Amino acid sequence: MAATADEAQRAEPVPWWASFPEPKASCPRLEPADVMQLLESQSHLSAPKDVTFLLVDVRRTDWEGGTLATSINLPAHSLYQTRPIIHQLCKQAGIKTIIFYCGSSSGRGPRCAGWMQDYLDQVKEVEVRAAVLKGGISGWQKAYGGRMMDWYDEKYWVERDS
């Protein structure tokens, strides 16, 4: 039996990721301490060519509270289509690990990392790998507060935890 127009309007909206395939790859989850070590070592490097990782914040409009230092924002809803360009840019820059995160790294972060790793596997890339920041930006903030964050807004985190 076909749904009526009213029933169709009341139906749950299709999630943004439903038009993309489910990621096949499972990516390593890096502890905040591992990423902190990378960030601290980066601040001591003499040349940008020594940087071997890229932090990617896949939040779209919910990045209040700050973002990890040096990270770029590539919203999850547009990441799938841009994987070839991300790969090309990382390859040219000598990036070895692309670390994805979102608010808690329980949805968008792992999904985007999986999509990226699927692409890397598809093109037989062995020098660049995708990973996920365990706990996302929330886990980072719990571990380190505003340390190594850009645009840190302490008030946001206090209100959020209240």
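Good morning. I shall begin with a serine: the side chain of S71 makes a polar contact with the side chain of Y101, at 3.0 Å. Please bear in mind throughout that this is a predicted model. A further polar contact links the side chain of S71 to that of T67, again with a value of 3.0 Å. As for its location, S71 sits in the loop that runs between β3 (67–68) and β4. Is this residue buried or exposed? Its relative accessible area is 18%, and since buried means under 20%, S71 counts as buried. If neighbours within four places in sequence are set aside, the residues in contact with S71 are L55, D57 and Y101.

Let me turn to the sheet. Which order do its strands take? The sheet is open, has 5 strands and follows the order β1-β6-β5-β2-β4, with parallel pairing. At its edges are β1 (29–30) and β4 (72–73), each of which pairs on one side only. Helix α2, residues 32–42, packs on this sheet and touches β1, β2 (53–57), β5 (97–101) and β6. The direction of α2 makes about 120 degrees with that of β2. Returning to the edge strand β1, we find that 2 bridges join it to β6, residues 129–133, and that these two strands run parallel. Within this pairing, L30 stands opposite L133 of β6.

I now come to the helix pairs. For α3, which spans residues 76–93, and α4, the axes come within 10 Å and cross at roughly 30 degrees. Angles under 35 degrees count as roughly parallel, and α3 and α4 are therefore described as roughly parallel to each other. The crossing in which α3 passes α4 is right-handed. On the α3 side, the contact is made by A76, L79, Y80, R83, P84, I86 and H87. On the α4 side, the contributors are R108, C112, W115, M116, D118, Y119 and L120.

Helix α4, residues 108–122, also holds R111. What does the side chain of R111 meet in a polar contact? The partner is the side chain of E22, at 3.1 Å. With neighbours within four places in sequence left aside, R111 is in contact with W16, W17, E22 and P23. The relative accessible area of R111 is 15%, so this arginine is classed as buried.

The second helix pair is α5, residues 136–144, with α6, residues 154–161. Their axes come within 12 Å and cross at roughly 100 degrees. This angle makes α5 roughly perpendicular to α6. The contact is formed by I137, S138 and Q141 of α5 together with W157, R160 and D161 of α6.

Which residues of α5 are buried? They are G136, I137, S138, W140 and Q141. The elements that cover them include α2, β3, β5, β6, β7 (149–150) and α6. Just beyond the end of α5, G145 adopts a positive phi of about 60 degrees.

To close, I would recall two side-chain pairings for the discussion. In the loop between β3 and β4, S71 has polar contacts with T67 and with Y101. In α4, R111 has its polar contact with E22. Thank you for your attention.

Definitions and conventions: Residues are numbered from 1 along each chain as its sequence is written. This is a predicted model: local features need pLDDT of at least 70, side-chain atom pairs count only at pLDDT 80 or more; totals for chains, interfaces and linings use all residues. Side-chain values use heavy atoms; hydrogens and water are left out. Helices (H or I, at least four residues) and strands (E, at least two) are DSSP runs, numbered from the N terminus. Buried means under 20% relative accessible area, exposed over 50%, partly exposed in between (1.4 Å probe, protein chains only). A polar contact is a pair of N or O atoms within 3.5 Å; within protein, one must be able to donate a hydrogen and the other to accept it, and residues adjacent in sequence count only if both atoms are side-chain atoms. Contact means heavy atoms within 4.5 Å. Two strands pair if DSSP finds at least two bridges between them. Axes are lines fitted to C-alpha atoms, for helices over the stretch in contact, and angles run from 0 to 180 degrees between N-to-C directions. Angles under 35 degrees count as roughly parallel, over 145 as roughly antiparallel, 65 to 115 as roughly perpendicular and the rest as oblique. A crossing is left-handed if the near helix is turned anticlockwise from the far one by less than a right angle, and right-handed if clockwise.
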